[in-house]
Amino acid sequence: MSTVLAPDPQLDPMVPTLARITRKIDEIPDVVTFEMEADGWSGFAPGQFNMLGPFGVGEIPISLSGPASKRERLVHTIRAVGPVSRALVELQEGAVLGLRGPYGAPWPVERAQGRDVMVVAGGLGLAPVRPVLYDVLENRDDYEKVIVLYGARRPEEMLFADELSTWRARFDIEVAVTVDHASVGWHGHVGVVTSLLRTVGYDPANTTAYVCGPEIMMRFAARALTDAGVAPGEIWLSMERNMHCAIGLCGHCQLGPVFICRDGPVFDWARLRPLMQQEEL
Ligand SMILES: Cc1cc2nc3c(=O)[nH]c(=O)nc-3n(C[C@H](O)[C@H](O)[C@H](O)COP(=O)(O)OP(=O)(O)OC[C@H]3O[C@@H](n4cnc5c(N)ncnc54)[C@H](O)[C@@H]3O)c2cc1C
Ligand code: FES
């Protein structure tokens, strides 16, 4: 059972603890992974996030991207898209930053036990859902088929490419990748990630899916999975919204009646679909 972890309730939830970057890995252009250490860090559940704050710049939500079973490991993968994320990505090994968390409802990994596991990720979305794969592969016998469908804009923007190759070489996990735009030397699939659904064999009636990526991609993936026969309550998505407090106080992340920080970020499609339709109106 994924345990929802939370900061010590005795502490002021808005006061960050100090974290230090112990290792910096350049992934793809504008994307880095940090391994960090932080006072009092006691682990997380797959799908949870921390508020990371480079001093004097701001604070943003970033998912944990490492294995949840290694409680001492604090790993984040970050893309520079604006002022705060850019300041984070530019930090070097040894730098100290503020950290609050972990927050949020996790991916319900155990729900897929005895079922086919389908992970559908787009772009940087592979980072927040990677802890699901670590959990599943550590307990491989508990699951039926394990399928990873991953799409990137271009071959050179493929995140965790070495790890995807390692998984691909295993006999007990099926990995299919695609790009929106091929470049010279790419001989793989070209097309949106949902087009990969037709290329893999799974039992829709016995599948639990974990979907993470740009919102438009998640909508299409959820619809395609539903059309294929996967129950909406078995399709799980991780939502992104601007956040300030991350503890259900400020309303910045509100979507209809839910707060993404407190009630999510992970929701099932049965719950999310009507809320997203309202937003489209
Ligand atoms: C629960 C949760 C988990 C997240 N996990 C991660 C993670 O693991 N790694 C990560 O890199 N980011 C993650 N994000 C997104 C991250 O929080 C945002 O990219 C960040 O808040 C941007 O802040 P900024 O000040 O750098 O840029 P802003 O000034 O807020 O944005 C700059 C520009 O980038 C656009 N933008 C904002 N966010 C994104 C985005 N996600 N993708 C593309 N364009 C965007 C904005 O529309 C704006 O045009 C997560 C968000 C949430 C809510
Ligand atoms: S970020 Fe404040 S309520 Fe969610």
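Which residues are linked with R23 in a network of salt bridges? In this predicted model, R23, E35 and R73 form such a network.

**Figure 1. Close-up of the salt-bridge network of R23, E35 and R73.** Within this network, R23 and E35 are joined by a salt bridge whose closest N and O atoms lie 3.3 Å apart. The two residues belong to distant parts of the chain, with R23 in strand 1 (residues 17-28) and E35 in strand 2 (residues 31-38), twelve residues apart. The partners are classed as follows: R23 is partly exposed, at a relative accessible area of 42%, whereas E35 is buried, at 18%. The value for E35 falls under the 20% limit, and the residue therefore counts as buried. Over the whole structure, a search finds 15 salt bridges.

**Figure 2. Close-up of the salt bridge between E234 and R111.** The side chains of E234 and R111 meet at an N to O distance of 3.1 Å. This pair also connects distant parts of the chain, its members being 123 residues apart. E234 lies in the loop between helix 4 (215-228) and strand 12 (235-238). R111 lies in the loop between strand 6 (96-103) and strand 7 (116-122). E234 counts as buried, with a relative accessibility of 12%, while R111 is partly exposed, with a relative accessible area of 38%.

**Figure 3. Close-up of the salt bridge between R262 and D263.** The side chains of R262 and D263 meet with 3.2 Å from N to O. R262 has a relative accessible area of 46% and is partly exposed. This value is not over 50%, so R262 is not classed as exposed.

**Figure 4. Close-up of ligand 1 in the largest pocket.** Strand 4 (60-63), strand 5 (74-79) and helix 1 (83-89) are the elements that each give two or more residues to the shell around the ligand. Strand 4 supplies the largest share of this shell, four residues. The shell holds 18 residues, of which P61, T77, R79, S85 and E240 come nearest to ligand 1.

**Figure 5. Close-up of polar contacts of ligand 1, including those with P61, G82 and S85.** Polar backbone atoms of two residues take part: one of P61 is 2.7 Å from an oxygen atom of the ligand, and one of G82 is 3.2 Å from a ligand oxygen atom. In the case of S85, an N or O atom of the side chain is 2.5 Å from an oxygen atom of ligand 1. On its own, ligand 1 has 900 Å² of accessible area, and the protein covers 67% of this area.

Methods: Residues numbered from 1 in each chain as written. Chains lettered and ligands numbered in written order. Predicted model: local features only at pLDDT ≥ 70, side-chain atom pairs only at ≥ 80, totals over all residues. Heavy atoms only, no water. Salt bridge = Lys/Arg side-chain N within 4 Å of Asp/Glu carboxyl O. Buried < 20%, exposed > 50% of the residue type's maximum accessible area, 1.4 Å probe, protein only. Near = heavy atom within 4 Å. Polar contact = N/O pair within 3.5 Å; in protein donor to acceptor, adjacent residues only side chain to side chain. Areas by Shrake-Rupley, 256 points an atom, 1.4 Å probe, with all protein chains shown as cover. 1 Å grid on protein atoms, 1.4 Å probe; cavity = no way out; pocket = protein on both sides within 12 Å on 5 of 7 lines; lining within 4 Å. Sits in = over half its atoms within 2 Å of the grid points.
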